Amino acid sequence: DQINALPDDPDLYSTIFLILGTNNQGSHSLNTDEALFFSSYLNNGGKLYLESYSFWYYSDSTYLHHYLKYASQKVSPYLFDSIFGKQATFSEGMKYRFNGPIHYAPFAIEPVNPAYCLFSNNLNPDRCLQIAYDGDDYKTIGTLVEFGQLIDALPPSTKENLMLKYLDFFRINTDGPYPLFHAEERNICKGQTVSFLDDSYDNVSSWSWEFPGGSPATSGDANPVVLYANPGDYDISLTVSDGTESWTLNRKAYIHVDECSGIVEKHRGTELKVFPNPADDEINVLVNSRKPENANLRITDLQGRTVLSMEVSLSGKKDWIVLPVSNLLSGLYLVSLHSSEGVIYQKVVVK
């Protein structure tokens, strides 16, 4: 898909290429809601390519900046009219001339471990121009160089070859089946079941699921149902095959199971996400509800005392709500949403 607006459900996309623009006339700065949207996508195991110039230094800091795993600082202006692949990365041996309208910068970006630099300008000192993070939880490539303005040279330094490297990095294979799945519910109480729905393609002939901590622990069904008896966060793994190729998708801490003792119960159909977690200043709450209505959002301590209460108006789709926590003591709290359908909650640690 090529779209000019945020998708309704980003989790249906294994990878998103986010092109914000790299010149003054065609650039876009993410607002808070947009940044939270993509942060939530990565928090759910997404893969993101982000192309921008102003994002890395001039844009207001957002939670998405943290996910790109980099640091920036003001430096003496430098040129990047040529870019060079870094050794021991998939870009090694590549070099391109760059024909973009902006080919210099007065700021430097550096990867934060375990992220690493893919391309630099190869000067002294060299300046990193593209940063990759290849994690088990999510994957990102961030660049201040516009892909479309690279000038092809002799192989392997062609845009087609570089794009194939990007697709390999994001594990977007073109010759075999692609594993993809979602769960009807990701936040449940102990003793409840989760229905997993296979979204894989193409020509899938077999499925191999792994549910550590669930019952059954493995399954060969396309759409299995799994029981979780104990509280905790549980990983999910799906391997699909077309009879020739096999590919695996792992999602860390994908299912969250709570104790749900007393009167607090999970109401079906509404999803509640809280991040960052741990938090130290404020927390962002994503509510994905089934219908428009007024509800109450609360933070309670482990003794059941309400330390914050807020009336919210739900749209029946996705709503972002910011809750301040800087005045709370360090510890574990419950964020709960009280609506006509019941109560749903998530744990959050305040630093």
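Modeller: A salt bridge is counted here when a side-chain nitrogen of Lys or Arg lies within 4 Å of a carboxyl oxygen of Asp or Glu. The model is predicted, so local features need pLDDT of at least 70 and side-chain atom pairs count only at pLDDT 80 or more, whereas totals for chains, interfaces and linings use all residues. Residues are numbered from 1 along each chain as its sequence is written, and side-chain values use heavy atoms, with hydrogens and water left out.

Biologist: How far apart are the closest N and O atoms of aspartate 152 and lysine 159?

Modeller: Accessibility is graded as buried (under 20% relative accessible area), exposed (over 50%) or partly exposed in between, with a 1.4 Å probe and protein chains only. Aspartate 152 is partly exposed at 43%, and lysine 159 is partly exposed at 22%. The two form a salt bridge, and the distance between their closest N and O atoms is 3.6 Å.

Biologist: Which residue forms a salt bridge with lysine 86?

Modeller: Helices (H or I, at least four residues) and strands (E, at least two) are DSSP runs numbered from the N terminus. Lysine 86 sits in the loop between strand E4 (82–85) and strand E5 (95–98), and its partner, 40 residues apart from it, is in the loop between strand E7 (116–120) and strand E8 (128–134). Lysine 86 is partly exposed at 24% relative accessible area, and the partner is partly exposed at 31%. With the closest N and O atoms 2.8 Å apart, that partner is aspartate 126.

Biologist: Is lysine 139, which meets aspartate 134 in a salt bridge, buried or exposed?

Modeller: The N to O distance in this pair is 2.3 Å. Aspartate 134 is partly exposed, with 39% relative accessibility. Lysine 139 has a relative accessible area of 5%, which means that this residue is buried.

Biologist: How many salt bridges does the rule give?

Modeller: Side chains of opposite charge can pair when their charged atoms come close. Among the pairs counted are lysine 86 with aspartate 126 and lysine 139 with aspartate 134. The number of salt bridges by this rule is three.

Biologist: Arginine 127 has no salt bridge; which side chain of opposite charge is nearest to it?

Modeller: Lys and Arg count as positive and Asp and Glu as negative, while His and the chain ends are not counted. Arginine 127 is in the loop between E7 and E8, where its contacts (heavy atoms within 4.5 Å), not counting residues up to four places away in sequence, are Val75, Tyr78, Ala108, Phe119, Ser120 and Asn121. Arginine 127 is buried, and the nearest side chain of opposite charge, 5.0 Å away, is glutamate 110.

Biologist: Which helix gives the most residues to the largest nonpolar core?

Modeller: A nonpolar core is a set of buried Ala, Val, Leu, Ile, Met, Phe, Trp, Tyr and Cys residues joined through side-chain atoms within 4.5 Å. The largest one has 52 residues, of which Phe55, Trp56, Leu64 and Phe80 touch the most other members. The helix that gives the most to this core, with six residues, is H1 (residues 32–43).

Biologist: What is the volume of the largest pocket?

Modeller: On a 1 Å grid over the protein atoms alone, a pocket is an open set of points with protein on both sides within 12 Å along at least five of seven lines, a cavity is a set where a 1.4 Å probe fits but cannot get out, and lining residues have an atom within 4 Å of a point. Grid points are joined across faces, edges and corners, and a volume is the space filled by probe spheres set on the points. The largest pocket is lined by 31 residues, of which Asn43, Ala253, Val274, Phe275 and Asn277 lie nearest its centre. Its volume is about 820 Å³.

Biologist: And what is the volume of the largest cavity?

Modeller: The structure holds three cavities of 30 Å³ or more. The largest cavity is lined by 13 residues, with Tyr13, Ser14, Gly45, Gly46 and Arg251 nearest its centre. The volume of this cavity is about 80 Å³.

Biologist: What is the phi of alanine 88?

Modeller: Most residues other than glycine have a negative phi, and most peptide bonds are trans. Alanine 88, in the loop between E4 and E5, is exposed at 77% relative accessible area. Its phi is positive, at about 65 degrees.
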